[in-house]
Every structure is written in C-alpha cells, then in structure tokens.
Amino acid sequence: MNTYRMHLMLCAGTGCVSNGSYRIKAALERELARRNLEEEVAVVTTGCNGFCAQGPVMTVQPEGIFYQLLTEEDIPELVEEHFLKGRPVTRLMFTPPAEEAPVPKMSDIGFFRKQRLISLRNRGLIDPEKIEDYIGRGGYRALAKALTAMTSEDIIQEIKKSGLRGRGGAGFPTGLKWELTARQAGDGKFIVCNGDEGDPGAFMDRSIVESDPHSVLEGMVVGAKAIGASHGFVYIRQEYPLALERLNVALGQARDYGLLGTDILGTGLDFDISVHRGAGAFVCGEETSLIGSLEGRPPEPRIRPPFPAESGVWGRPTCINNVETWATVPAIINRGAEWFSQIGTETSKGTKVFSLVGKVKNTGLVEVPMGITLREMVYDIGGGIQGDKSFKAVQTGGPSGGCIPASLLDLPIDYERLTEAGSIMGSGGMIVMDEETCMVDLARYFLEFLRDESCGKCTACREGVDVMYQIVADICAGKGREEDIPLLEELGHAVRDGSMCALGGTAPNPVLSTLRYFRDEYEAHIKDRRCPAGVCKALITFRIDPEKCKGCLLCGRDCPQEAITGERRKPQTIDQEKCIKCGACKDVCKFEAVTVQ
Ligand SMILES: Cc1cc2nc3c(=O)[nH]c(=O)nc-3n(C[C@H](O)[C@H](O)[C@H](O)COP(=O)(O)O)c2cc1C
Ligand code: FES
C-alpha cells in the first residue's frame, strides 16, 4: 500500500461540484502526473466541508492548509509551489472579513474555530464513497460494540442518558422514542430515516448523507437492534441526486461487508434498509404524511395518537428519526452518554447542525454546541453582516420558525430558549437579515410558502394560513387596515391551536414573532403607508438626489423602462409613471444618488 506524504482533501459536495470540483480534480491529477507526484500526493474527494460560499475548497493534510475559490488555472502554480517546492500559495487562502492577511490553516479561521463536529465528525476527512475511509476513522465500531457487548436495553438506556433529542424539529427525546417502539408487542417493526428536508435554504441532512452516508446507516443498524426492527427505510427527496447516489453506494458496501442483511457480524441480527425517494413536498417531512407517502398513499398527516411508535408503516410499530439524529447515535455509543451529555445546555445536549445563510459574510453549514449565542453565530462564525450594515434579525426554524431581534443577540441557542423567544429550533435553518429586510414582507414570503405547501386536509391550516397570507400581502401592497393587526393575532392563535399537524401549528410563527418584535413596521405600513426598509414596492418611490447625481447616465442605461432622462453631467430624473421600482438604478449608481422613500 502506498504511503502518501500529502492528501489533498478536495470538497465534492453539491455546492463545490456545481462550482467545478471535478474539473479541479482532473486538473490536479494531470498536473501531479506531469510532475511525477502521483505516488506522493493523493487527491481525495470528500463531502461538503461547510464553507460552500468559498467553493471549490480544498484542505491540504496533514498541514491543514485551506484553499478556496479554486480555478483550473490556479492548479499548475499550486502544484509547483506548494506540493513540489513546499511553499503554500497565499493568494489562494481565505482572508477573514475582519482581517487583512490570509489565514493559512483551516483550524484558525473563525468560521471553523467555534464549531464542534459530532454529526459531521468525518466531514472533509473521508471519501464518502469508500467504506474503508469510514472504518479507518473508527466507523462501525459502535455497531460492533452495540451488537456484541450491549443488550437492546443497554443501548436504549445509553441513548436516554445522553439526552439526545430529535434533530428533525420537535426535539423529542430519542431514547424515549426508541423505548416506546421497543415496548410494542410483535415483530415486523420498522425504522425510518427522515431525509425529506423541505425547508427552503436548508441542506444539513443532504450534506450529512453526501459527506458521510455510513454514519447514518450505522446509527440505523444500532437502532434496529435496540428496537427490534427488521427493516429500515431512508426517505429522501428526489432533488438530492448526489446524496442518493452516495447512499446507494454505501448501502451496497455495507451489504458486501456483512454490516447489513442477514446475521450481521455473525450476531444473528437480520436487518436491511431500502431507499424511498420523495417528490419534494414540505408536508412529506411530517412523520405521519411521510408514512402515507412510503405506503403509496397521498402524503397527508393524520391525527396522533396513535403515534408511529405504536402504529406506523403498514400499521407496524415504527421509529422515525431525522438524518442528523441517526448520524449522532454511533458517536454516543462509542464515546458514551456521559461525554455527550456534558456538551450543550441543561435541557439540550450535544451539538446542532445549522445552515447559516442570509446577510452574513460567511455563509455555510456549521455544527456548534447547543448553548452557543446568536451573537457568536452571526459575528464569530458568520463574520458579521455583509457590507457592514446593521444586524436586524435572525429567522430560525425554517419557514414556520420565528424572527429573533437584535435585542436578543445574546440568547443561548437551545430548544427552550428559542421557543420562549417565539421561534423554534426546527431542523436548523438560520437566516440572518440586515436593516434592508422588511419584516412584513418576510412574513408574507413565508406565509406564501406555507399556504402553497399546506396539504389542505384540515380547515384551520388550509383556510387560516391563506387568509393570513392575504392580509399580510394587502399590508405590503399598501392596502392594510388598522384592524388587521389584532385580526392577524387572533387568526394566528386559532390556526396554531386548530391545525391537525405542526405545519399549521407553527405556520403563524413568522407573523406572530414579527408582530411581537417589529410591530412598528406593520404600523408604518398601515398608518403611514410607508415601508421603512424600502422593500414593499407599493409603498416606496425611487428618486435621484440632484446634489449627488453626476450625470454619468449609467442608471438610464440600465433602466428597463427607459424611465430615467437627463443630459450628460446634469442631474437625472425618474418618470414615476414609468418606474416599476425594480431598483436597477440604485444598484448601478456609484454615487449613492438614488434614494428610496
Ligand atoms: C411540516 C413538517 C415538516 C417536517 N419536515 C421534516 C423533515 O424534513 N425532516 C425531519 O427529520 N423531520 C421533519 N419533521 C418532523 C417529523 O414529523 C418528525 O418529528 C421527525 O422526523 C422525528 O425525528 P427526530 O425525533 O429525530 O427529530 C417535519 C414536521 C412537520 C410538521
Ligand atoms: S459543497 Fe464544498 S464546502 Fe459545501
């Protein structure tokens, strides 16, 4: 076997692949061959490294040097300078927003420094398509331990003691769910991995499956032994082709290695997993809808109880857990409940993966200990707000989460604190907003999504969310009435209490939380017919400040309506009759002469 002096861990997650990772790989292999370095330097394609906005990214091991925004043209210089002559190429390194010089090592970059990887423990360190890489990092050791040295009861107690709570949104204690399913009489029980991930902008689960599929499979086999399940399903959306491909590769390898199928590791455990592709509806992630979809019925939620633990897939006891929950299980079995429960807060143990997006400088996927503050997320990991604008709010919990304002930036993130603040943990979406975000328009956007995604089965959700959407859309369109605010609050509570599943149960959150913290914005829209953030088109007017305008004519050239006129080197004017408020003039103006009122 060859021993390489360097491993080039090139990200081949969806983000980096779409930015050309495979072209970089080919260029690296070509250049390494030309320099006779193929026996000394190995190129390894890994799953998502988390810093997708900087992709394609690559970490050089063992030094840990991090390269970003790579192009094919960079490769000859990189190979000659760094891999041949030992001089790392500074211009391809990352310069954090607050610093002037590039930071060579990944571990010194703020985006990575505060992260603690448990679910993503193998991120960037293995080739997800090689089971040997997973085993080399301690993979399937938890399975061997659970199957040979622990009883089902031991496993359940270990997971209970760890304090692990489901990462799919509701935060239900995982060990307790396993215990409830294990207690049901009879055989033919099922376990399900929920990889539906319908939140817009969220990619936590996709990334785990793409970068480390065996961690999910291993967790599921451990769960199968604990619960007494004979078959498992991974429910994953069709729009995740790379995750599906890697999952299927991993399943084949696990079967070849005797880690799935009959008599696993000679212990008498029979268990296999099949993949079920979802067509991509948000409600399919709700566990009872998911069961319907798995069985070939319409994906509509049903009243619980009975809970899936009692009556799930084809009426059999079924334990449904999220991708991240399953991926965390092997780490707990390996390192013990005590280790895990020391991380996090009193009620929320361990770490959580978030997709940090929006107006922060560093966007991407991060795993952090529970209890980290929003400030640390936004400023230390996210690097602060783009364009040094001011922070306005963060939306957590996906479309049915809530907005948390700047006054709560020091809020520690855990299930209870987020709920008290009017939001939810959800599955880990985190959208950061700056002063230019209109909170009323934001509530309108999420309500529109939820209205479209409501399955329509129960009246409260189907009609209630639609009416709330119409009211908020009217407010944005300058047609708001003073009675709309109390009406929205009343409707919000009725929809929350009267809906059959948590889609409707949480759908009012964006409105209720923005009313709680940003009521003045609603009032400005309704009473003053003004959008303070300058977003709602019906309530804004673009004007050109004659003092600042230099008459460069750029705005007129970019205006799709030919609404801007004026002579060169003289102040321009906008014909308000023609203006469609697209903002092209503001975007192109170098003198900040275009104002929004
Ligand atoms: C509208 C809706 C969508 C959901 N989508 C997901 C999802 O995409 N993935 C997920 O794991 N859980 C989702 N859930 C939560 C599931 O119903 C269920 O609680 C979860 O899969 C249980 O796993 P856990 O205990 O590991 O979190 C959703 C719930 C609702 C109400
Ligand atoms: S896809 Fe490469 S860093 Fe996320």
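Visitor: Which helices and strands each supply at least two residues of the lining of the largest pocket?

Guide: For a pocket, look at which elements border the open space. In this predicted model, helix H8 (174-183), S9, helix H16 (415-420), H20 and helix H21 (509-527) each give at least two lining residues to the largest pocket. Its lining has 49 residues, with Gly168, Gly169, Ala170, Glu286 and Ala502 nearest the centre. The volume is about 1300 Å³.

Visitor: How many of those lining residues are nonpolar, polar and charged?

Guide: Sort the lining by class. Here you get 18 nonpolar, 21 polar and 10 charged residues.

Visitor: Where does ligand 1 sit?

Guide: Try placing the ligand against the pockets. Ligand 1 sits in the largest pocket. Strand S9 (318-322) and helix H20 (502-506) are the elements that give two or more residues to the shell around ligand 1, and S9 gives the most, with three.

Visitor: Which residues come nearest to ligand 1?

Guide: Start with the shell, then check for polar atoms. Of 18 residues around ligand 1, the nearest are Gly168, Lys177, Glu197, Asn322 and Thr325. The side chain of Thr325 has an N or O atom 2.7 Å from an oxygen atom of ligand 1. For Glu287, a polar backbone atom is 2.9 Å from a ligand 1 oxygen.

Visitor: How much of the accessible area of ligand 1 does the protein cover?

Guide: Compare the ligand on its own with the ligand in place. On its own, ligand 1 has 610 Å² of accessible area, and the protein covers 90% of that.

Methods: Residues numbered from 1 in each chain as written. Chains lettered and ligands numbered in written order. Predicted model: local features only at pLDDT ≥ 70, side-chain atom pairs only at ≥ 80, totals over all residues. Heavy atoms only, no water. Near = heavy atom within 4 Å. Polar contact = N/O pair within 3.5 Å; in protein donor to acceptor, adjacent residues only side chain to side chain. Areas by Shrake-Rupley, 256 points an atom, 1.4 Å probe, with all protein chains shown as cover. 1 Å grid on protein atoms, 1.4 Å probe; cavity = no way out; pocket = protein on both sides within 12 Å on 5 of 7 lines; lining within 4 Å. Sits in = over half its atoms within 2 Å of the grid points. Helix = DSSP H or I, 4+ residues; strand = E, 2+ residues; numbered from the N terminus. Points joined across faces, edges and corners; volume = space filled by probe spheres on them. Nonpolar A, V, L, I, M, F, W, Y, C, P; charged D, E, K, R; others polar.
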